[in-house]
Amino acid sequence: MTATPTGYVTVVWDARAKAGREADLKAFITAAVTPSRNDPGNIDYEAHEVEGRPGEFVIHERWETRAHLDAHLAAPRIRELVPQMLELIEGSIEDGIRLLRPFRPAH
């Protein structure tokens, strides 16, 4: 994938379900994937369960620009999901977020 003129943004989000809520978190994430993929500026949005660690999930998403990511995060749909998500995960949402910026060697 070639970076967009302003450089795409990659988000990696690690989440761990609260004890006994593993299936609930997996269902919650599953329901959120398709709508997020349809948000403007989304390049890809993939959900993963960590092999051998039930209840541990990784979301990998790429956005054309930081503005597209910010619009996604500010969308009413996402703001409504946050309290529900907090009921299902250990820690805070921010604890698991890493923003990545692509770079390529000069040669």
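This passage walks through the strand pairing, the nonpolar core and one loop residue of a predicted model.

A good place to start is β3 (56-63), which has a strand partner in both β1 and β2. Eight bridges link β3 to β1 (9-16) in an antiparallel arrangement. The pairing of β3 with β2, residues 42-49, is also antiparallel and involves seven bridges. Val58 of β3 illustrates both pairings nicely: Asp14 stands opposite Val58, and so does His48. Between β2 and β3 lie six residues, and the two strands form a hairpin. Within its turn, Gly52 adopts a positive phi of about 80°. Most of β3 is covered, with six of its eight residues buried.

Turning to the interior, the largest nonpolar core comprises 21 residues. Trp13, Leu25, Phe28, Ile29, Met85 and Ile89 have the most contacts inside this core. At least two core residues come from each of β1, α1 (22-37), β3 and α3 (76-88). Trp13 makes a helpful guide to these surroundings: beyond its neighbours within four places in sequence, Trp13 is in contact with Phe57, Val58 and Ile59, as well as with Met85, Ile89, Ile93, Gly96 and Ile97.

Just past β3, the chain enters the loop that leads to α2 (66-74), and Glu64 lies in this loop. With a relative accessible area of 34%, Glu64 is classed as partly exposed because this value falls between the 20% and 50% cut-offs. Glu64 and Phe103 are separated by 39 residues in sequence, while their C-alpha atoms are 14 Å apart in space.

Notes: Residues are numbered from 1 along each chain as its sequence is written. This is a predicted model: local features need pLDDT of at least 70, side-chain atom pairs count only at pLDDT 80 or more; totals for chains, interfaces and linings use all residues. Side-chain values use heavy atoms; hydrogens and water are left out. Helices (H or I, at least four residues) and strands (E, at least two) are DSSP runs, numbered from the N terminus. Buried means under 20% relative accessible area, exposed over 50%, partly exposed in between (1.4 Å probe, protein chains only). A nonpolar core is a set of buried Ala, Val, Leu, Ile, Met, Phe, Trp, Tyr and Cys residues joined through side-chain atoms within 4.5 Å. Contact means heavy atoms within 4.5 Å. Two strands pair if DSSP finds at least two bridges between them.
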